[in-house]
Amino acid sequence: MGDGIIFCDRLIRDLKRASEIIRSANSILVITHIDADGITSGGIASTALERLGKEFTIVFEKKITEDTVSAVNNSREDAVWICDLGSAYLSEFKRSNIVITDHHVPDTKWRNKQTFIDDFHDIYHLNPHTYGLSGSYEISGAGMTYLLAKTIDPSNSDLAFLAVVGAVGDLQDIRESGLVSYNKAILEEAVSAGDIIVEKDVRFFGRDYRSLVQFLQYGSDPSIPGISDDSRGSAAFFSELGIPLRNEGKLRTWNDLTVDERRSAADRLISMAVDDDARKRLFGEVYTVTRFERQTGLRDAKEFATVLNSCGRYDDAVTGLRICLGDLDALEDAERNRSDHRRNISSALSYIKENRLLRERRFVQYFDAGPEIRETVVGVVAGILLTSGDAKKGLPIFAFAEADDGVKVSARATRNLTDRGLDLSYIMKTASEMVGGYGGGHTVAAGATIPDGKEEEFLDIVEDLVSSQII
Ligand code: C5P
Ligand code: ZN
């Protein structure tokens, strides 16, 4: 499948073995992550199981905790399928018939390249890292889950669009301004199924629902001087090109522009980008999910993923799952989650600015939001501070917030820093474990939970690790 992508033989073999486990189980416990990649994984896994006529339960988790580990180990179901989570805890699972379709950095205690069959238990571990693939831009958790669903039954290839939304939700399209490698092969299946249309366009956020001015003012990433965060500059941009902001009194969106208008606006934006990197990020592939009407806010893959993320962050992943399964009645609940999310983000940003919470050390910057920002949102806020330029792009950012089980820490960095050797996944895992917590994630975005009162000690360790990694 896919244009020129040769699937790794070992992966195909392991997918077949894992699919046998699922096929031969009568009852299955599905555990998945609460973000867009996890919710789409849940949509794929549950549809595949439904079609097989299996009895299954689906549970959403923010992260793997001791309780999750014991729920897995003590579950009564014949098999457990863990999606977009689990790889970091392989050595904790002590039962047979576990299938993991994840892309997070695997547990280092697990033998290198081991995919299945521990001394006593069968664990089928399907993770891009095991096959020499990147888990940050070649395939996501939903992608791995999709490959297994398709191995279970080729007719599940109509679920490819969910894997595309999952990959986009995990920002796998950022590096190349489009999906590549296994993600691209899956994208092509979604295109063949008629579920996704790929176009080259400006990659700002909100092409389907924001007014033209807001699209540039708030959606522009990379930022463009004179336009980003500038409503007058954004309005002037269109008037100089002779592009009307309204049609019959109604505000137009970027998608309402004619082909010529869009082309001239895109050319002008590209010419205004600050450097080659910004030009590359600005223009590239955009994905339209054809199953949904324009008004739903689900027609653009990035917007779709945002809807799912905002469900997950407000303890309502089930609404996200219903949407993935095509239940449009769930949209009203999702809209409530989405507007809560927008409101929370903007009040969190003003709270940090007004109270001057952002602090700098030599190698890191950080803020402690205490109980003021939800632990599921603090990472997004840290990311926005970094991309908006309110925080220094040259330093990784660490954000603390109160959580039920201690202090949540979210870390974010720019690509530039990870290209220079920074690996937040390693740093968060190592530093949190040294202070009695746990963590992990990806090189550019990672998280951890640490015990109360350990913040300073944690930052000291983080700072040593950051300075030793960056060259
Ligand atoms: O929670 P946050 O948005 O900061 O998470 C960033 C990334 O780190 C996510 O991919 C998440 O799954 C991962 N993470 C992790 N272990 C944790 C917390 C977050 O692997 N304890
Ligand atoms: Zn993921």
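Let me begin with ligand 1, which has 14 residues around it, the closest being Lys-408, Ser-410, Arg-412, Gly-440 and Gly-441. I should say at once that what we are looking at is a predicted model, and that everything I quote this morning is computed from it.

Staying with that ligand, the shell around ligand 1 draws at least two residues from each of three strands, namely strand 13 (406–412), strand 14 (438–441) and strand 15 (445–450). Turning to the polar contacts, an oxygen atom of ligand 1 is found 2.5 Å from an N or O atom in the side chain of Ser-410, and a polar side-chain atom of Arg-412 comes to 2.6 Å from an oxygen atom of the ligand. His-104 also takes part, with a polar side-chain atom 3.3 Å from an oxygen atom of ligand 1. As for how much of the ligand is covered, ligand 1 on its own has 460 Å² of accessible area, and the protein covers 80% of that.

The second ligand is a zinc ion, and here the question I would put to you is which residues coordinate the zinc ion. They are Asp-37, Asp-84 and Asp-170, each through an OD atom, together with His-103 through NE2, at distances of 2.1 to 2.2 Å. Written along the sequence, the spacing of these donor residues is D-x46-D-x18-H-x66-D. Two of them deserve a closer look, because Asp-84 sits in the loop between strand 3 (79–83) and strand 4 (98–101) while Asp-170 sits in the loop between helix 5 (160–169) and helix 6 (181–192), so that this pair ties together parts of the chain 86 residues apart in sequence.

Why is the arrangement of the 4 donor atoms around the zinc ion irregular? The angles that the 4 donor atoms subtend run from 86 to 171 degrees, and that range is what makes the arrangement irregular. For four donors to count as tetrahedral, all angles would have to lie between 85 and 135 degrees, and the upper end of the range here, 171 degrees, does not meet that condition. For reference, the ideal angle for four tetrahedral donors at a metal is 109.5 degrees.

Asp-84 has something further to show us in its backbone, since its phi is positive, at about 55 degrees, although the residue is not a glycine. Asp-84 has 0% relative accessibility and therefore counts as buried, and Asp-170 is buried too. A positive phi also turns up at Leu-171, where the value is about 60 degrees and the residue is, again, not a glycine; Leu-171 is placed in the loop between helix 5 and helix 6.

While we are on the backbone, there is a cis peptide bond between Asp-221 and Pro-222, with omega at about 10 degrees. Pro-222 belongs to the loop between helix 7 (212–219) and helix 8 (231–240).

Now to the cysteines, where the count of disulfides is 0. For Cys-83, the closest cysteine sulfur is that of Cys-324, at 12 Å, which is too far for a bond. Cys-324 is likewise in no disulfide, its nearest cysteine sulfur being that of Cys-311, 8.9 Å away. As to exposure, Cys-83 is at 0% relative accessibility and so counts as buried, and Cys-324, with a relative accessible area of 6%, is buried as well.

I will finish with three loop residues and their separations from other points of the chain. Arg-294 lies in the loop between strand 9 (283–289) and helix 11 (301–313), and at 32% relative accessibility it counts as partly exposed. Its C-alpha atom is 6.9 Å from that of Asp-208, with the two residues 86 positions apart in sequence. Arg-420, in the loop between helix 15 (415–419) and helix 16 (424–434), is partly exposed at 35% relative accessibility, and its C-alpha atom is separated by 8.0 Å from that of Gln-469, which is 49 residues away along the chain.

The last of the three is Val-364, located in the loop between strand 10 (359–360) and strand 11 (365–368). Is Val-364 buried or exposed? At 0% relative accessibility, Val-364 counts as buried. Its C-alpha atom and that of Ser-234, 130 residues apart along the chain, are separated by 34 Å.

Key
Residues are numbered from 1 along each chain as its sequence is written. Chains are lettered from A and ligands numbered from 1 in the order in which they are written. This is a predicted model: local features need pLDDT of at least 70, side-chain atom pairs count only at pLDDT 80 or more; totals for chains, interfaces and linings use all residues. Side-chain values use heavy atoms; hydrogens and water are left out. Donors are N, O and S atoms within 2.8 Å of the metal (3.2 Å for Na, K and Ca); water is not among the atoms, so sites may look incomplete. Four donors count as tetrahedral if all angles lie between 85 and 135 degrees; four count as square planar and six as octahedral if opposite donors are over 155 degrees apart and all others between 65 and 115; anything else is irregular. Helices (H or I, at least four residues) and strands (E, at least two) are DSSP runs, numbered from the N terminus. Buried means under 20% relative accessible area, exposed over 50%, partly exposed in between (1.4 Å probe, protein chains only). A disulfide is a pair of cysteine sulfur atoms within 2.5 Å. A residue is near a molecule or strand if one of its heavy atoms lies within 4 Å of it. A polar contact is a pair of N or O atoms within 3.5 Å; within protein, one must be able to donate a hydrogen and the other to accept it, and residues adjacent in sequence count only if both atoms are side-chain atoms. Accessible areas come from the Shrake-Rupley method with a 1.4 Å probe; for residues, only the protein chains shown count as cover.
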